[in-house]
Amino acid sequence: MSNIRNFSIIAHIDHGKSTLADRILEMTGVIHSKNNEQVLDSMELEKERGITIKATTIRIPFKASDGREYIFNLIDTPGHVDFNYEVSRSLYACEAALLLVDVSQGVEAQTVANAYLAVDANLEIIPVLNKIDLPHAMVDDTKMQIEDMLGILTDNALKVSAKDGTGVPELLEALPDLIPPPSTNTDKPLKALIFDSHYDTYRGTICHIRIFDGSLKQGDKIQVKSTGKQYEVEEVGYFGIRMEKSNNLEAGEVGYLCAVIRDVKDIHVGDTIISADHPNTDAIPGFKKMKPMVFCGIYPINTNDYDKLLKSINKLELNDSSITFEKESSAALGHGFRIGFLGMLHMEIFLERIRREFDQELIATMPSVAYKVIRTDGEELNIENPSKFPTVQEIDHIKEPIVRTKIIVPSDYVGSCMELANSKRGKLVDMEYPDDRRTTLIYDLPLAEMIIDFYDKLKTVSRGYASLDYDFKGFEKGDLVKVDILVNSDQVDALSYISERESAVTKARKLVHRLLKLIPRQQFKIPLQGAINGKIIAREDISPVRKDVLAKCYGGDVTRKKKLLEKQKKGKKRMKMIGSVEVPQEAFLSLLQVQGDDNKKK
């Protein structure tokens, strides 16, 4: 055990985590790739977008220059704020974290957030300065920022270039001395933490585990502490480039466990696995349950695919335990699910994975946030779906979620960033100056204003230099109203949304105007309306398609033509009375995208 080292790489987005992991794998002989392809980012979406979505574990054998042999268990983590939960879970399987900082950018928002996660997990933090090969590298300034903003000493900070491999051999040689070995006891009964899992069609649920006490081998009887369910171990192993079977896993090691767990609901990330012979073994403290920030309704396009969608969500939840979901139904879209996500990127990735990995065709409603509605009788309701709001007569007031937002931006762009935050109803809490060139803005922002396009606009106004991190602060009273959308006088519940009263009319007009382009014309006029408490605040009419009833008249008496046109007019009146309009799926799928386009035009 004294030769095992468990560590993860944490950093802000694009500071070089996956590239450093690749160089470590190359220099230890695990891979022989020289084309700078990110090996650990194996998911198709990760390759397409160039970001890490899932934390990935790999076992690396390393022979030091003094002849001693070590086993490194490396976990490469995501950098985006929406995948923070992946980072916090991964840190529980480690003894140390390499805090990677890009010396051309300095300490950014997620650098700070991830460093605090490592401190909370009681890990040894090792500062590593990356991209030292760049001509505008600010090594001394970055060291000062790490010490001032994080309180981490940088006298022995390691300097590397993950891209060309400079300093990586020295980093590898230093790791055994900088990272403490796992403090474990092989003689105690089995105690293992599930820090991730995934579903295999042939073998059921496969648990990613870190063993704290005892050992595990094929044939052992295990028990899941929270449910009490027992299983027989079919296979154990560790993560190489592929999963590699081994005879056993000892205390301090990171690996996987397969026990033919067919029901995905029997395993939860954060559970403790113990020996069935020692059922009184204490559980390992699990992870803090994440609170979803953004909610979205998803429905199968084909209603017969409802059960298939439920199974798909259950299987994907194993691999992404930060989502929450519950069943819901909509008059417009049928039966579906209300799913809670940590952010907009998280939602986007999850929906794309459902479509690709499980071949599901989906309709996604407009994203919304959870509100607290205080009724006139004092009862407090948590409402995640705008269509579930009580009537206006029953509502005393509404509270909306507020997030404490930290924006680190070069001083040249402070004015434009403050202007953007103020336009999103932000309240300035504090301004800090980590160094001469940068400013930290701390704002309280309504979450509903942030979720659509705040991050994109922030990058635009700061020319890509601003970085963002946020934490949930609490709920505050707001002047909010529910806006209903009516198509041909019928309310479409899936298009309802909550808005600040001041901007409700403007938003409703834009939304109705967008629907005008998305809903196909019929042979009768279709009114599209936005309403607050039954009062119409916006209206557009989709003009009817006129059928050419005179096509068969070749000349002749004009009265014949008039008669046909009158008949058509009466028919259209009758059609309008009984006609129903089908809102196409494109209306739901495109609303969000079109909203982003509108914002760009402005």
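**View 1. Packing of helix α9 against helix α11 in the predicted model.** In this predicted model, helix α9, spanning residues 414-423, packs against helix α11, spanning residues 454-461, at an angle of about 155°, and their axes are 9 Å apart. Because of that angle, α9 is roughly antiparallel to α11. The crossing in which α9 passes α11 is right-handed. On the α9 side the contact is made by S416, C417, L420 and A421, while α11 contributes F454, K457, L458 and V461. Sorted by class, the residues of this contact comprise six nonpolar, one polar and one charged.

**View 2. The crossing of helix α7 with helix α8.** Helix α7 (residues 306-319) and helix α8 (residues 344-358) cross at roughly 115°, and their axes come within 11 Å. In this pair, α7 passes α8 in a right-handed crossing. The residues of α7 that take part are K308, L309, S312, I313, K315, L316 and N319, and they meet F350, R353, I354, E357 and F358 of α8. The contact of α7 with α8 divides by class into six nonpolar, two polar and four charged residues.

**View 3. Helix α1 and its cover.** Helix α1, which runs over residues 17-27, is mostly covered, with ten of its eleven residues buried. Those buried residues are K17, S18, T19, L20, A21, D22, R23, I24, L25 and E26, so the list holds charged side chains such as K17 and D22 alongside nonpolar ones such as L20 and I24. The elements that cover them include the strands β1 (4-11), β2 (56-63), β3 (69-76) and β4 (96-102), together with helix α6 (168-178). Following α1 comes G29, which has a positive phi, near 80°.

**View 4. Helix α1 against helix α6.** The helices α1 and α6 pack at an angle of about 80°, with a separation of 10 Å between their axes. That angle makes α1 roughly perpendicular to α6. From α1, the contact draws on L20, R23, I24 and M27, and from α6 on V168, P169, L171 and L172. Seven nonpolar residues, no polar residue and one charged residue make up this contact of α1 with α6.

**View 5. F72 in strand β3 and the residues around it.** F72 lies in strand β3 and, because its relative accessibility is 0%, it counts as buried. Leaving aside residues up to four places away in sequence, F72 touches R5, F7, I58, R59, I60, F62, L172, L175 and P176. One of these residues, I58, is 14 residues from F72 in sequence, and the two are 8.2 Å apart in space, C-alpha to C-alpha.

**View 6. P78 in the loop after β3, and L117 in helix α4.** P78 is found in the loop between β3 and α3 (84-91), and it counts as buried because its relative accessibility is 1%. Although P78 and K17 are 61 residues apart in sequence, their C-alpha atoms are 8.2 Å apart in space. L117, by contrast, has its place in helix α4, residues 109-120, and at 22% relative accessibility it counts as partly exposed. The C-alpha atoms of L117 and L91 are separated by 7.9 Å, with their positions 26 residues apart along the chain.

**View 7. Positive phi values at D14 and V260.** Most residues other than glycine have a negative phi. D14, a residue other than glycine, nevertheless has a positive phi, near 65°. D14 is found in the loop between β1 and α1, where its relative accessible area of 55% makes it exposed. V260, likewise a residue other than glycine, has a positive phi near 50°. The place of V260 is in strand β15, residues 254-261, and with a relative accessible area of 36% V260 is partly exposed.

**View 8. The protein as a whole, as context for the close-ups.** The secondary structure of the protein comes to 14 helices and 31 strands. Of the 602 residues in the protein, 55% are buried. Among contacts in the protein with a separation of 6 or more, 69% are accounted for by residues 24 or more positions apart. The protein exposes about 28000 Å², of which carbon and sulfur atoms supply 47%.

Methods
Residues numbered from 1 in each chain as written. Predicted model: local features only at pLDDT ≥ 70, side-chain atom pairs only at ≥ 80, totals over all residues. Heavy atoms only, no water. Axes fitted to C-alpha atoms, helices over the stretch in contact; angles between N-to-C directions. Helix = DSSP H or I, 4+ residues; strand = E, 2+ residues; numbered from the N terminus. Parallel < 35°, antiparallel > 145°, perpendicular 65-115°, else oblique. Left-handed = near helix turned anticlockwise from the far one by under 90°. Contact = heavy atoms within 4.5 Å. Buried < 20%, exposed > 50% of the residue type's maximum accessible area, 1.4 Å probe, protein only. Areas by Shrake-Rupley, 256 points an atom, 1.4 Å probe, with all protein chains shown as cover.
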